[in-house]
Amino acid sequence: MKYPRNLLGYGRTPPDPKWPNGAYVAVQIVLNYEEGGENNVLHGDSASEAFLSDVIGAAPWPGQRHANVESMYEYGARAGFWRLWRYFTANRLPVTVYGVATALMRAPQQVAAMQEADWEIASHGLKWIQHKDMPEAEERAAIVEAIRLHAVATGERPYGWYTGRSSLATVDLVSEEGGFDYVSDTYDDDLPYWRPHRGRPQLVIPYSLANNDMRFVTAPGFDNGEEYYTFLKDSFDVLYEEGRLGSPKMMSLGLHCRLVGMPGRFAGLRKFLDYVRSKDKVWIARRIDIARHWAQHHPYEAPDYVPSEMDRTQFVGHFGSIFEHSPWIAERAFDGELGPASDTATGLHFALRSQFRMASDEERLGVLRAHPDLAGKLAQARRLTEASTSEQASAGLDALTDGERGQFEELNAAYVAKFGFPFIIAVRDNSKDMILSAMHTRVGNDRHTEFKTACGQVERIALLRLRAILPEL
């Protein structure tokens with residue numbers, strides 16, 4: 001079963017983004033322009049808007065307009081936008097606008113001001129409505145229409161996309177539409193990443209609802225501009241310090257004209273951005289600039305193969321011998337749950353190892369017995385698997401003296417006579433002398449202890465084999 005969620009990401013070793021001038025953090029400002037594109041019976045919707053306004057506990061009014069909510073959205077277009085525009089332009093701060101296509105079509109002066117300031121205008125969808133229950137065909141058509149109207153309003157198609165109130169299919173549908181330098185309908189990382197879909201890579205630049213002024217009107221949220229400033233500063237300071245220590249990141253700042261455009265809230269934003277501007281080693285950039293930088297410095301590299309995307313025959317063919325002569329382990333792993341986390345050596349080892357551990361003692365004993373004697377008759381007859389041959393050669397077991405071979409044969413015979421399975425050790429971790437020493441020691445164990453030890457070594461051998469053919473990330 002394919003588990004679609006990626007719970008690994010970059011793991012313990014995120015890449016160096018190589019931000020310009022060695023910046024410790026890339027800060028990007030997003031201004032969501034939704035006013036005039038929200039739910040409204042005037043726009044052909046079935047009810048009024050209820051999301052992200054100062055009407056506490058607002059609910060959709062079926063078939064009716066909501067005068068208070070409408071007026072608050074209008075404040076964003078009439079006053080909040082211009083307050084933000086004056087500050088950003090006066091301080092020459094680059095901005096990305098998430099523009100709802102139908103809202104942009106109702107905002108000629110605002111669009112002109114955005115373009116005069118050289119702001120990026122990315123698409124925020126056709127309308128500022130909920131998409132979770134929208135049929136895929138309808139959402140696909142809405143994406144196409146959003147691109148068309150965006151080009152009418154701005155003079156060119158959008159190169160960035162963020163729906164916001166998205167469906168499970170949104171990122172796939174936008175990727176399939178193509179033409180986008182980035183998609184931002186995720187919140188899952190501090191860095192951009194490539195997301196392959198149907199054989200084509202799509203750059204994703206994650207967004208943030210934590211560093212977002214929407215929390216002024218959602219719980220738990222900010223009560224005032226000072227709380228907002230403190231949270232943003234703390235977020236920035238952590239990322240800045242991580243960057244200083246060698247792991248630069250990105251900080252997304254989400255704004256809304258009708259929310260942070262209010263004077264008391266704006267004071268907190270202005271205080272924060274003045275603080276950011278006082279720091280060196282900070283790259284304040286539009287999202288399109290980050291996308292192009294990432295594509296230049298971290299272009300997509302297709303893996304040779306992706307375990308979780310293989311069919312059963314391919315998977316077992318590739319990994320059925322990781323546990324010596326025991327393809328049933330790979331078969332059970334495939335029939336279990338594989339996902340993006342299984343596409344690394346550690347992740348796939350976890351999936352295979354889990355099946356080995358869940359097997360009966362008799363089945364695990366069969367795996368132990370499938371292993372050859374070290375430097376035994378099969379090795380001499382060159383009848384080992386390719387992996388076993390390479391492993392034994394790595395410790396020089398293919399070039400023993402007669403005396404050394406005699407020691408191995410004697411110890412192997414004593415070990416098998418006592419335990420009923422061959423001596424197993426991860427040869428690549430050891431030298432010839434270390435292996436002989438371990439044989440002398442472990443032959444003195446009781447069977448329960450040695451069975452457990454041998455199983456642990458089988459798991460270690462499997463991990464080393466996977467590391468030889470799969471990346472960690």
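A charge is taken to sit over a ring when CZ of Arg is within 6 Å of the ring centre and within 35 degrees of the ring normal. In this predicted model, Arg258 meets that description: Arg258 lies over the face of Tyr73, at 3.9 Å from the ring centre. A second case is offered by Arg215, placed over the face of Phe231 with 4.9 Å to the ring centre.

Rings also pair with one another, and the structure holds 34 aromatic pairs. A helpful one to begin with joins Phe81 and Trp119: the ring centres are 6.2 Å apart and the planes stand at 70 degrees, so this pair is edge-to-face. Phe81 belongs to helix α1 (residues 67–90), while Trp119 is found in the loop between α3 (108–116) and β3 (120–123), so the contact ties together parts that are 38 residues apart in sequence. Both partners can be followed into the interior, as Phe81 is buried with a relative accessible area of 0%, and Trp119 is buried as well, with a value of 5%.

Another pair worth a look is formed by Phe216 and Phe222, whose ring centres are 5.4 Å apart and whose planes make 65 degrees, so the arrangement is again edge-to-face. Here too the residues are buried, Phe216 at a relative accessible area of 10% and Phe222 at 6%.

Returning to Phe81 and Trp119, these two residues are part of a cluster linked by ring pairs. Its other members are Tyr33, Trp82, Trp85, Tyr87, Phe88 and Phe266.

Notes. Residues numbered from 1 in each chain as written. Predicted model: local features only at pLDDT ≥ 70, side-chain atom pairs only at ≥ 80, totals over all residues. Heavy atoms only, no water. Phe/Tyr/Trp six-rings, centres within 6.5 Å; stacked < 30°, edge-to-face > 60°. Helix = DSSP H or I, 4+ residues; strand = E, 2+ residues; numbered from the N terminus. Buried < 20%, exposed > 50% of the residue type's maximum accessible area, 1.4 Å probe, protein only.
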